[in-house]
Amino acid sequence: MNVLAQLGSGFAACITPFNLLAAVVGVLMGTLAGVLPGLGITGTVAILLPFSYGMQPLTALILISGIYFGSQYGGAITSILVNIPGEATSIVTCFDGYPLARRGKAGTALGIAAISSFSGGTLGLIGLTFFAPLLARAALAFGPPEFFAIVVFGLMLLTNVSGKNPLKATIMVLAGVMLGTVGMDKVSGTLRMTFGNVQMYKGFDFIIFIMGVFGITELLLTICTPEEKGDILNFKFRELYPKKEELKQVSKTIARGGLFGFLVGLIPGPGSMLATFGSYGIEKKLSKTPEQFGKGMPEGVAAPESANNAAMYAQMVPLMSLGIPFSSAVALLMSGFMIHGIQPGPLMITQHADLFWGLIASMFIGNVFLLIINLPLVGVWASLLKIDFQLLMPIITVITFTGAYAINNSIFDLGLMTLFGVLGFFLKAADYDLAALAIGLFLGPQLEAALVQTMVLYNGNLLSMIFDRPIAGSFCGVILLVVLATIGKSVRQAVTNRKVKTA
C-alpha cells in the first residue's frame with residue numbers, strides 16, 4: 001500500500017496543466033522522432049534539452065522521458081507503411097506489418113501496434129513500479145560472459161525465425177557481424193577494412209545502414225514492381241481499425257510479449273532488440289500456422305511492439321534504482337536528469353521521492369496520451385498510402401536522404417546508404433533476409449566487445465567460463481542443442497526429399 005500511496009502522490013504532482021502539456025509534447029516529439037528516418041531519440045533529445053533548462057525539474061523529466069517512449073510507436077508507423085524502420089527495435093515489425101499494409105490492412109496493423117505498445121508499456125511500468133530494486137540487483141549478475149552467450153543465442157534464434165531458409169539467414173547474420181568489424185578496433189586500435197579512407201575509421205553507422213537496406217531497397221523494388229501497389233489503395237475508413245476478433249487473436253500475444261520483453265530488457269546492451277525478435281520467435285513457434293508469419297500475421301505486429309515497449313521501461317529499472325544506464329538511449333536520458341541536478345540511483349527514491357514517483361506517474365499518463373493521440377491518427381497515417389505512387393516515392397526519397405545527411409552532415413554517408421540500398425536490392429531479389437543482415441551488424445560490435453572482455457577475464461579459456469558462470473554456461477548448452485536440432489532437421493529434410501525424388 002505504501003507504493004500505491006506514493007504513486008498517488010506522484011499523480012497529484014503530475015496533474016498540472018504545464019506538466020500535462022509537457023507529456024503531450026514529449027510523446028508527440030517522440031513519435032515524430034520515430035517517424036522521421038535519421039532523427040531518432042538522440043537527435044530529438046539533443047534538440048529539446050536546451051529548452052528544458054528553465055523548466056521545473058519534474059516538468060523537464062516528463063518532457064524528456066516522453067520523447068524516449070514515444071519514439072517506439074513512431075518507428076512502427078514507417079515500418080508498417082513503407083517498410084523503413086524508424087528505430088532499430090522496429091525492424092521486426094516490418095516482417096508482418098508491411099505485408100498487412102500491402103493487403104489493404106494498414107489501419108489494422110497500425111491499430112494493433114498502438115494497442116500493443118500501450119499494453120506492453122503498461123506491463124513494463126507495473127514491473128518498474130513494484131519490482132525495480134529487486135530486478136536491478138538481478139540484472140547486475142549479467143557480465144560480459146553472460147552477455148556474449150545471450151547474444152550468440154539470440155543470433156542463433158534469429159536464423160531459425162526470420163526467414164524460410166535457415167542457411168540463408170545464417171549467412172546474412174554472419175555477413176552482418178563481419179560488417180560490424182569494419183573500422184577501428186576499440187581494444188587494439190587496429191584499422192580493419194578501411195582501405196585508407198578516414199571516413200571508414202568509425203565503421204558503418206547503423207541508422208545509415210538500415211535506411212539503405214530497407215529504405216532505398218524498398219524504393220528500388222517499388223519502382224521495379226509498381227503494379228503490386230494497387231491493392232493497398234482499396235480500403236474504407238470504417239475498416240481501418242482492428243476488429244474484435246483480431247484483438248482477441250492477439251491478446252495472449254501481447255501479454256506474452258510484454259512479460260518476455262520486460263525480462264529481456266533488463267539485460268545490459270541491446271535488450272530491446274533481443275526482446276523484439278525473441279518475442280516474435282516465440283509466437284511463431286506457438287502458432288498453429290507458422291508458415292503464415294512474414295505474410296501479414298497480426299501476431300507478428302503485436303509481439304515485437306509489445307516486447308520493445310516493455311523492454312524500454314525495463315531499461316529504466318537499473319537507471320532509476322542503481323544509476324546505471326544499460327543502453328546509449330538511456331545514457332542520454334540520464335544526462336537529462338543530471339543537467340537538472342538529479343543523480344539517478346538508490347538515493348533518488350529517498351532524496352527526491354517527489355520527482356521519482358512523479359516521473360513514474362507521468363509515464364503512466366504519457367502512455368495513455370500516446371494511445372489517445374495515435375489511435376485517432378490511424379486513419380491519417382493509413383491515408384498516406386492513398387497518395388499517388390509517383391508523388392509518394394519522391395517524398396520518401398527526399399526524407400530518407402535528408403535524414404541520412406542530418407546524422408553526420410556527410411555526403412559520404414549518402415553514398416554508403418545508396419550502396420547498401422543497391423546491395424539490399426540484389427539480396428532481396430535472391431530471397432535473402434535483410435533483417436538478419438541488419439541485426440547481425442547491430443549486435444556484431446557488442447558481441448565482439450563481450451568476447452574480448454570474456455577472453456581477458458579467463459585468459460583465453462572459454463571452457464572454464466562455461467563451468468564458472470552458470471548463466472553463461474546454461475545458454476551455451478542451449479546454443480549447442482539448437483545447433484544440433486537445426487542440423488538434425490536439415491538432415492531429415494534432405495533424406496525426405498531424396499526419398500521423394502527416388503519414388
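Visitor: Which residues is Ser279 in contact with, leaving aside its neighbours within four places in sequence?

Guide: They are Gly257, Phe260, Ala303 and Ala307, where contact means heavy atoms within 4.5 Å. This is a predicted model, in which local features need pLDDT of at least 70, side-chain atom pairs count only at pLDDT 80 or more, and totals for chains, interfaces and linings use all residues. Residues are numbered from 1 along each chain as its sequence is written, and side-chain values use heavy atoms, with hydrogens and water left out.

Visitor: Why is Ser279 called buried?

Guide: Its relative accessible area is 2%, and buried means under 20%, exposed over 50% and partly exposed in between (1.4 Å probe, protein chains only). Ser279 therefore counts as buried. You will find Ser279 in helix α11, residues 271-286; helices are DSSP runs of H or I with at least four residues, strands are runs of E with at least two, and both are numbered from the N terminus.

Visitor: What lies 3.3 Å from a polar atom of the Ser279 side chain?

Guide: That is the backbone oxygen of Ala303.

Visitor: What makes Met193 partly exposed?

Guide: Met193 has a relative accessible area of 45%, so it falls in the class between buried and exposed. Met193 sits in the loop between β2 (191-192) and α9 (206-224), and its phi is near 55°, a positive value in a residue other than glycine.

Visitor: And why does Asp431 count as exposed?

Guide: Its relative accessibility is 56%, over the cut-off for exposed, so the word applies. Asp431 belongs to the loop between α19 (411-429) and α20 (434-457). Phi of Asp431 is near 65°, a positive value in a non-glycine residue.

Methods. Polar contact = N/O pair within 3.5 Å; in protein donor to acceptor, adjacent residues only side chain to side chain.
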